[in-house]
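Subject: A structure for you to look at

Hello,

I am passing this structure on to you, and my notes on it follow below. Please have a look at it first and then read on.

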Amino acid sequence: MLDEEEFEEVSNLYRGAFRSSEPTLEARFAPVSRAYERLTGYAGCHPNVVIHHRIAQYGPPCRACGKPLRTPEARYCAACGTVRQEAVDSSR
Ligand SMILES: [Zn+2]
């Protein structure tokens, strides 16, 4: 698992891949896979898997600043401190 700092690094590389001038997708996203391997020891993980696994753990965007809440159950925004207003799903 990536902590926030590690994920920031990997997600920066991921975003950078879209601006890369490398000719193949594989070459563009290679830095993402390499960073993930260095941080976690898992080699050959597909960049989309790396990113989507982590993002899936975020909650919905903050209504005040638009940053994703740290977890789906977060009660307030870690970035700006705004208390979440929508009801947490109680059907579970
Ligand atoms: Zn916020």
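**The zinc site**

Four cysteines bind the zinc ion through their SG atoms: Cys62, Cys65, Cys77 and Cys80 are its protein donors, each lying 2.3 Å from it. Donors here are N, O and S atoms within 2.8 Å of the metal (3.2 Å for Na, K and Ca), and since water is not among the atoms, sites may look incomplete. The four donor atoms make angles of 107 to 116°, and the site is tetrahedral. For four donors that label requires all angles to lie between 85 and 135 degrees; four count as square planar and six as octahedral if opposite donors are over 155 degrees apart and all others between 65 and 115, and anything else is irregular. As a reminder, the ideal angle for four tetrahedral donors is 109.5 degrees.

Along the sequence, the donor residues follow the spacing C-x2-C-x11-C-x2-C. Cysteine 65 and cysteine 80 both sit in the segment after α3 (47-55), so this pair ties together parts that are 15 residues apart in sequence.

How buried or exposed are these cysteines? Cysteine 65 is partly exposed at 36% relative accessibility, and cysteine 80 is also partly exposed, at 39%. Cysteine 77, by contrast, is buried at 2%. The cut-offs are under 20% relative accessible area for buried and over 50% for exposed, with partly exposed in between (1.4 Å probe, protein chains only).

Cysteine 77 also belongs to the segment after α3. Beyond its neighbours within four places in sequence, cysteine 77 touches Cys62, Cys65, Leu69 and Thr82, where contact means heavy atoms within 4.5 Å. Its C-alpha atom is 8.6 Å from that of cysteine 65, which is 12 residues away along the chain.

**How far to trust it**

This is a predicted model, in which local features need pLDDT of at least 70 and side-chain atom pairs count only at pLDDT 80 or more, while totals for chains, interfaces and linings use all residues. Residues are numbered from 1 along each chain as its sequence is written, and side-chain values use heavy atoms, with hydrogens and water left out.

The average pLDDT of the chain is 83, and 87% of the residues score at least 70; pLDDT is the predictor's confidence in each residue, from 0 to 100. Confidence is highest in helix α2 (residues 25-40), with a mean of 91, and lowest in α3, with a mean of 72. Where pLDDT is low, the predicted coordinates should not be read in detail.

**Fold and core**

The chain has three helices and zero strands, giving the pattern α-α-α along the sequence. Helices (H or I, at least four residues) and strands (E, at least two) are DSSP runs, numbered from the N terminus. Of the 92 residues in the chain, 25% are buried. Among contacts with a separation of 6 or more, 30% are between residues 24 or more positions apart.

The largest nonpolar core has 13 residues, and Leu2, Val10 and Val50 have the most contacts inside it. At least two residues of this core come from each of α1 (4-17), α2 and α3. By nonpolar core I mean a set of buried Ala, Val, Leu, Ile, Met, Phe, Trp, Tyr and Cys residues joined through side-chain atoms within 4.5 Å.

**Aromatic pairs**

There are three aromatic pairs in the structure. Tyrosine 14 and phenylalanine 29 have ring centres 5.3 Å apart and planes at 45°, so this pair is tilted. Tyrosine 14 is in helix α1 and phenylalanine 29 in helix α2, so the pair ties together parts that are 15 residues apart in sequence. Both rings belong to buried residues: tyrosine 14 has a relative accessible area of 12% and phenylalanine 29 one of 11%.

Phenylalanine 29 also pairs with phenylalanine 18, with centres 5.5 Å apart and planes at 85°, so that pair is edge-to-face. Phenylalanine 18 lies in the loop between α1 and α2, 11 residues from phenylalanine 29, and is exposed at 53%. Ring pairs link Tyr14, Phe18 and Phe29 into a cluster. Rings of Phe, Tyr and Trp (its six-membered ring) pair if their centres lie within 6.5 Å; planes under 30 degrees apart count as stacked, over 60 as edge-to-face and the rest as tilted.

Best wishes
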